[in-house]
Amino acid sequence: MKTTFSVGLKITLLVGVLTMSTIDSGCAPNAKERELKQFISAHVEKIKPLAKQRNLASWDAAGSGRAEDYEKASALTLQIRQVYSNPKDFAFLKGMKESGGLQNPLLARQLDVMYNAYMANQIEPGLLKKIVDLGTQIEKNFSTFRGTIEGDKVTGNDIKEMLKTQTDSAKRKQTWLASKQVGAAVAQDTIRLVKLRNEAARKLGFDNYHTLSLAAGEQDVKEMDRIFEELYELTNAPFARVKGDLDRILAARCGVAVSELMPWHYHDPFFQETPMVYELDLDVYYEDKDVRKLAAEFYAGIGLPVDSILTRSDLYEREGKNPHAFCEDMDREGDVRILCNLENNEYWMETILHELGHGVYFQYHERGVPYLLREPAHTFTTEAIAMFFGRLSRNPAWMQQMLDLSDAQRAEIEKVSDRYAQLKQLIFARWAMVMYNFEKQLYANPDRDLNALWWQMVEKYQLVKKPEGRDEPDWAAKIHLPLYPCYYHNYLLGELLASQLHNHITHKVLKLESGKDVGYVGRRAAGIFLRAKILEPGATYRWNEMIEKATGEPLTPKYFVAEFVN
Ligand SMILES: [Zn+2]
C-alpha cells in the first residue's frame, strides 16, 4: 500500500511543479514583475533567517521557561516587526497593488500576502509604543488580579472548581461575581486601547480596527456577518431545545426552578464550556494505552506519517516547561515540532491529534511553493485541520478501531458521545456569536453603553438572563477582548470548516452514505485528498478560493449544522 501512495504522491507533486512552471514561462515577465521578483528575493533573504531564529528561540523558551530565552525570542520578534513596519517598502507594495497588471498569479498572491503583513504593521512608532505599553499593562493586571469572596482571594482555578461542584446558589453567585471583578479593573484601559487601535486603523483609511484586522486577515465584515447570521438562524431552535434540557438538569442539581436560573448556574464564568452533566468518562479507555503511539499509527495509516515531527518534538512534562501544547514550523523546510505534556488520557489524545493536525499541514506544504506561500491559507484553516483530527479522540468508530473495543463498549460510548458533542458545539457556537458581535460593535463605537450591550448579546445568543439591575463591565473580564483582538471568530470558522471537510470526504472522497460511522482509520484516500487539496498548496490561494477548490463550495455553516444540530 505504501508504494501506491508514493506513486500518487509523486504525481501530485509533479502536477504542482508543472502548473507553476507553466505559469512562470507562459507569459514573459514584464518590467513590473521583474521588479517585484527582486523585492521578494531581498525580502525573503532578510525574513527567512530571522523567522527561523525567532521560532527556535521561542521553542527553547517554551521548553526551558528561562527568562533569557524569552528575551531572545521577543527581541527577534521585534526585529521582524521592524522589517514589516518599513514605510518605504509598504509604499512600494501599495504602488504595485494599485497599478495592477501582474500576469503571474503566484507573484500576485505573494504581493497580497506581503501587503497584508506590512499593512498590519504600518503604525507610527509613537502610537505603536502606546498600544504595546497599554497592552502589557492590561496583561499584567489580568495575571496578577485576584477576585475575592467575602474578603478572601480566589484564583481562576478555584473559581472553575467551585462553579463545577457547588450546589448552593448563593455561593455560586458570589463565585461568579468574584470572576467578574477583574472586568472593573481593566475596563477603562481596554476602552483606551480600543481607541488607540482605532486611531491607528483610521490613519490607514479603515473605519476602525476591527475592519482593519479582518482585512489584514483577508476577511471582510460582510462575509463574516453572513456566515454568523446564517448560523444564528440555523441554531436558534436546536440551541433552545438542548439548553432547555441542560437547564432542567442544572436547576435540579441546585434545587431551584428553571425560571430562577442565573448566569452563575453554568459551569464556567461565561457559559462557553459544556457543563459536565452527562457522564462521559472516556479516560478509562486510554489509561493503559500510549497516546503517542496511537497518534503515530493513525497518521501513518492515512498516509500522512508524522514520525519526523515526533522525533523533533518535546512531548512529556518537565520542570519549567510550558504546561500547554502547540505546534511550530521552524523554517518552512520541514523542521516541524509539537510541544505537549502527554499523559495517557482522552484530553491528551485529543491534544496530540490536534497538534499533529497543525503539524501535517506545515509538514506537507509542497516545497515548490514559494517561501512566502508555504504557510496555511489562514490561521482558521490550520485550526480546522487540527480540529478535524482532534475530534477523533471521542469518535466511537475511531475509538473502537484504534483501541480494540467491543461492540458493547462502543455502544456504551455512543449513548452519550453524540449528545455531548452536540451540546459542546452548540454552546461554543452561540458563545462565539456573542464575542464576534460584541467586538464588532465595541470597535465601531467604544463610547456606547458597553455594559448594556454585553448583556443584550448574552441574552440574545446564549439565552442567559441578565441579573436584575446589573451594570458592570462584565465584558472586560474576557481576556481575549483586550489582548487577542478580533480573532475569536476564527475558532468558530475552524469548526465550520472541519465539518465541511468531514462531509466532503465522507460523501465525495470515500463515497459513503453517512459520516456517522467514519473514524478514518486506515483511510488513505482521506489523507491523499487533504494533502493534495489543502496541505500542499499552502497559501497559494486565498482561504475561500482554496476551500471552494477543495470541496466544490465556499465556506458554509450548513455541514456543521447537519453534523451537530439534528
Ligand atoms: Zn490549534
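Trainee: I'm starting at Arg332, so how exposed is Arg332?

Mentor: Buried means under 20% relative accessible area, exposed over 50%, and partly exposed in between, with a 1.4 Å probe and protein chains only. This is a predicted model, where local features need pLDDT of at least 70, side-chain atom pairs count only at pLDDT 80 or more, and totals for chains, interfaces and linings use all residues. Residues are numbered from 1 along each chain as its sequence is written, and side-chain values use heavy atoms, with hydrogens and water left out. Arg332 counts as partly exposed because its relative accessible area is 22%.

Trainee: Where is Arg332 found?

Mentor: Helices (H or I, at least four residues) and strands (E, at least two) are DSSP runs, numbered from the N terminus. Arg332 has a positive phi of about 60° without being a glycine. Its place is the loop between S3 and S4.

Trainee: How many bridges join S3 to S4?

Mentor: Two strands pair if DSSP finds at least two bridges between them. S3 and S4 form a hairpin with 6 residues between them, and Phe326 has Leu339 in S4 as its bridge partner. The strands run antiparallel, and the number of bridges is 4.

Trainee: Which side chains of strand S3 are buried?

Mentor: In a regular strand the side chains alternate between the two faces of the sheet. Along S3, Phe326 and Glu328 point to one face and are not buried. Pointing to the other face, and buried, are Cys327 and Asp329.

Trainee: Which residue forms a salt bridge with Glu333?

Mentor: A salt bridge is a side-chain nitrogen of Lys or Arg within 4 Å of a carboxyl oxygen of Asp or Glu. For Glu333, the closest N and O atoms of the pair are 3.0 Å apart. The pair links distant parts of the chain, from Glu333 in the loop between S3 and S4 to a partner in helix H2 (residues 31-64), 285 residues apart. That partner is Lys48.

Trainee: Is Lys321 buried or exposed?

Mentor: Side chains of opposite charge can pair when their charged atoms come close. Lys321 meets Asp314 in a salt bridge (2.7 Å, N to O), and Asp314 counts as buried because its relative accessibility is 13%. At 7% relative accessibility, Lys321 is buried.

Trainee: How far apart in space are Ile302 and Ile528, C-alpha to C-alpha?

Mentor: Ile302 lies in the loop between helix H12 (291-301) and helix H13 (307-312), and its 2% relative accessibility makes it buried. Ile302 and Ile528 are 226 residues apart in sequence, but in space, C-alpha to C-alpha, the value is 7.8 Å.
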